[in-house]
Amino acid sequence: RTTIQNWLAAGYYQAWHCEAASHVGRAPSPHGENRICNNDALHAAASGGTFPVGSAAVKEIFNSDELTAYAVSRKMTEGAGGDRWYWYEGGPEKIYANSEGAGNCTKCHLQAAHDFVFTVVP
């Protein structure tokens with residue numbers, strides 16, 4: 001297991017601002033059924049501009065009721081651009097992204113209205 005996989009398995013992010021339940025993915029998400037959690041830094045900066053360093057989100061990805069994978073984003077450096085974010089997507093069997101500026105992630109998240117983040121949990 002990678003460090004991020006161990007951190008996710010420990011469930012620390014579940015104390016963040018999380019959606020109450022999983023739901024069908026919102027367009028243009030390719031992730032399917034999911035539930036999103038935001039840390040305090042991302043949650044507090046929801047009004048606009050770029051997010052502060054340390055802002056983070058975790059998306060739990062489900063197949064029916066089974067949690068099968070995660071998508072994680074964390075702002076690593078100040079400024080605008082997908083290369084300012086660390087991206088992780090994967091599960092126990094396969095990792096699709098695990099780096100700053102991961103191309104598959106930034107290409108989609110470029111469409112977000114606010115600094116590569118689609119969903120800020122109310």
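**Strand β2 and the sheet around it**

In strand β2, the side chains of N34, I36 and N38 point one way while those of R35 and C37 point the other way, and all of them are buried. In a regular strand, side chains alternate between the two faces of the sheet. The strand covers residues 34-38, and with five of its five residues buried it is mostly covered. This picture, like everything described below, comes from a predicted model.

A wider view helps to place this strand. The protein contains three helices and six strands, and from start to end of the sequence these follow the pattern α-β-β-α-β-β-β-β-α. The radius of gyration is 13 Å, close to the 14 Å that the globule rule gives for 122 residues, so the protein is as compact as a globular protein of that length. The C-alpha trace spans about 35 × 25 × 25 Å along its principal axes.

The six strands form an open sheet in the order β1-β2-β3-β4-β5-β6, with antiparallel pairing. At its edges are β1 and β6, each of which pairs on one side only. It is convenient to walk through the sheet in that order. Strand β1, made of residues 17-18, pairs with β2 in the antiparallel sense over two bridges, and here H17 stands opposite N38 of β2. On to the next neighbour: β2 and strand β3 (residues 56-63) run antiparallel and are joined by five bridges. Within this pairing, I36 has K59 of β3 as its bridge partner. I36 and N38 thus both appear in the pairing of β2, and these two residues point one way from the strand, together with N34.

Strand β3 also pairs with strand β4, which comprises residues 66-75; the sense is antiparallel and there are eight bridges. One facing pair here is V58 with V72 of β4. In the loop between β3 and β4 sits S64, whose phi is near 60°, a positive value in a residue other than glycine. With a relative accessible area of 53%, S64 is exposed.

Further along the sheet, strand β5 (residues 85-90) and strand β6 (residues 95-100) pair in the antiparallel sense over five bridges. A hairpin of four residues makes the connection from β5 to β6. In this pair of strands, W87 stands opposite S99 of β6.

W87 also turns up in the surroundings of the last helix. Helix α3 consists of residues 103-109 and includes T106. Apart from neighbours within four places in sequence, T106 is in contact with G82, D83, W87, G101 and F116. The relative accessibility of T106 is 16%, so this residue counts as buried, the cut-off being under 20%. In the segment after α3 lies D115, which has a positive phi of about 45° although it is not a glycine. D115 is buried, with a relative accessible area of 11%. The two residues with positive phi described here, S64 and D115, therefore fall on opposite sides of the burial scale: S64 is exposed, whereas D115 is buried.

At the other end of the chain, helix α1 (residues 3-10) holds W7. This tryptophan counts as partly exposed, because its relative accessibility is 28%, and partly exposed residues lie between the 20% and 50% limits. Leaving aside neighbours within four places in sequence, W7 is in contact with Y12, Y13, W16 and V58. The last of these, V58, is the residue that stands opposite V72 in β4.

Another local feature concerns the backbone between the first two strands. The peptide bond from A27 to P28 is cis, with omega near 5°, and P28 belongs to the loop between β1 and β2.

Some totals complete the description. Of the 122 residues, 43% count as buried. Among contacts between residues at least 6 apart in sequence, 40% join residues at least 24 apart. The protein exposes about 6700 Å², and carbon and sulfur atoms supply 51% of that area. As for charge, there are 9 positive and 12 negative side chains, and the centres of the two sets lie 4 Å apart.

Methods: Residues numbered from 1 in each chain as written. Predicted model: local features only at pLDDT ≥ 70, side-chain atom pairs only at ≥ 80, totals over all residues. Heavy atoms only, no water. Rg over C-alpha atoms; globule rule 2.2 N^0.38 Å. Buried < 20%, exposed > 50% of the residue type's maximum accessible area, 1.4 Å probe, protein only. Contact = heavy atoms within 4.5 Å. Areas by Shrake-Rupley, 256 points an atom, 1.4 Å probe, with all protein chains shown as cover. Lys, Arg positive; Asp, Glu negative; His and termini not counted. Charge placed at Lys NZ, Arg CZ, Asp CG, Glu CD. Pairing = 2+ DSSP bridges.
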